[in-house]
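This report concerns the voids of a protein model and the residues that line them. The structure is shown below.

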Amino acid sequence: MFRWGVLSTAKIGREQLLPAIVESENGILSAIASRDLAKAKALGERFGARHAFGSYEELLASKEVDGVYIPLPTSQHVEWAAKAIEAGKHVLVEKPLALDAKDIPPLIKLRDEKKVLVCEAFMVVYHPQWIKVRDLIAGGAIGRLRHVQGAFSYYNVDPKNMRNQLDLGGGALPDIGVYPTVSTRFSTGKEPLRVQATIERDKTFGTDIYSSIRADFGDFELSFYLSTQMAARQSMVFHGEKGFIEVFAPFNAGLYDHHRIELHNQNHTEAQVFRFPGTQQYRLECEAFVRAAQGSKDRVFTLEESVLNQKVIDAIFRAGEKDGWEPV
């Protein structure tokens with residue numbers, strides 16, 4: 001069994017990854033670290049971790065840990081991913097891995113030197129609904145893809161939340177803008193050439209709170225909007241000449257809607273519904289990561305893919321400062 005260590009007691013870990021690790025078939029929760037040892041012990045008792053540490057360094061030095069999950073604030077991801085790699089641990093780091101694409105290649109070099117697995121935690125690429133979308137498009141179910149349309153929003157104005165703290169890497173684009181981007185790239189196997197964007201920032205927080213984005217993929221376009229101060233919504237639609245595919249809860253299936261996609265024909269007279277009840281995308285992510293770390297050929301989200309995705313986000317930020325197109 002793969003022995004997981006977790007750096008911090010962050011909410012995403014408590015609510016999603018720790019339960020996924022405990023329920024997984026090939027991993028156990030071995031250790032939790034927090035700068036507050038009491039918090040590490042309490043969370044460890046809740047999830048059955050055998051060890052608790054009062055510092056991240058202690059966990060990384062432990063021989064009871066094979067790999068780590070890092071759900072620290074975004075601004076600390078690259079730093080602690082590097083330290084974990086240096087310690088010889090496999091690393092699953094929460095998205096976004098970085099705030100600039102140029103910060104990722106040094107991790108690739110370090111990964112290759114230490115011969116460990118390092119992945120950004122995009123759980124959506126392990127969900128069967130997205131694998132189905134990819135297969136339908138590749139199989140010609142909607143003919144030539146012409147347009148992808150997306151939306152992701154929620155309402156959060158808590159000044160203590162890291163998503164509203166610029167120095168911690170907060171903002172809509174780093175937090176949720178990565179999802180329409182990565183899911184479109186995953187489903188089509190294509191990369192955007194250029195982007196346009198309108199970005200609005202919170203006058204108090206300084207973080208981006210609304211974006212409207214247009215991305216040119218050459219053969220098709222992607223348009224989507226994001227917000228951290230709008231009513232909660234998720235949607236992705238892939239519209240082709242022969243039909244379209246709608247993903248109803250593309251990123252948090254089970255919370256925003258059921259695990260389902262619909263394939264509509266050209267005349268809108270027939271629709272096929274594909275359901276994936278009971279799917280636990282975080283568990284699938286953890287299990288695939290462990291298998292890959294142990295030498296299998298499982299597809300995982302590589303650091304090379306992280307560079308490509310982050311380049312899109314970087315270009316969107318640049319585009320928001322100007323009129324017209326910005327190359328990716």
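## Cavity and pocket linings

The largest cavity in this predicted model has a volume of about 30 Å³. How many cavities of 30 Å³ or more does the structure hold? The structure holds 1.

Pro96, Ala98, Leu99, Pro174, Gln310, Ile313 and Phe317 line the largest cavity. Helix H9, which spans residues 303-319, gives the most to this lining, with 3 residues. By residue class, the cavity lining divides into 6 nonpolar and 1 polar, with no charged residues.

The second largest pocket has a volume of about 160 Å³. Its lining is made up of Val125, Tyr126, Ile131, Arg134, Phe186, Leu284, Glu287, Ala288, Arg291, Asp298 and Arg299. Two or more residues of this lining come from each of helix H6 (128-138) and helix H8 (281-293). Of the elements concerned, H8 gives the most to the pocket lining, with 4 residues.

Which classes make up the lining of the second largest pocket? The residues divide into 6 nonpolar and 5 charged, with no polar residues.

The table sets out the volume and the lining classes of each void.

| Void | Volume | Lining residues by class |
|---|---|---|
| Largest cavity | about 30 Å³ | 6 nonpolar, 1 polar, no charged |
| Second largest pocket | about 160 Å³ | 6 nonpolar, no polar, 5 charged |

The charged residues in the pocket lining are Arg134, Glu287, Arg291, Asp298 and Arg299. In the cavity lining, the polar residue is Gln310.

Methods:
Residues are numbered from 1 along each chain as its sequence is written. This is a predicted model: local features need pLDDT of at least 70, side-chain atom pairs count only at pLDDT 80 or more; totals for chains, interfaces and linings use all residues. Side-chain values use heavy atoms; hydrogens and water are left out. On a 1 Å grid over the protein atoms alone, a cavity is a set of points where a 1.4 Å probe fits but cannot get out, and a pocket is an open set with protein on both sides within 12 Å along at least five of seven lines; lining residues have an atom within 4 Å of a point. Grid points are joined across faces, edges and corners, and a volume is the space filled by probe spheres set on the points.
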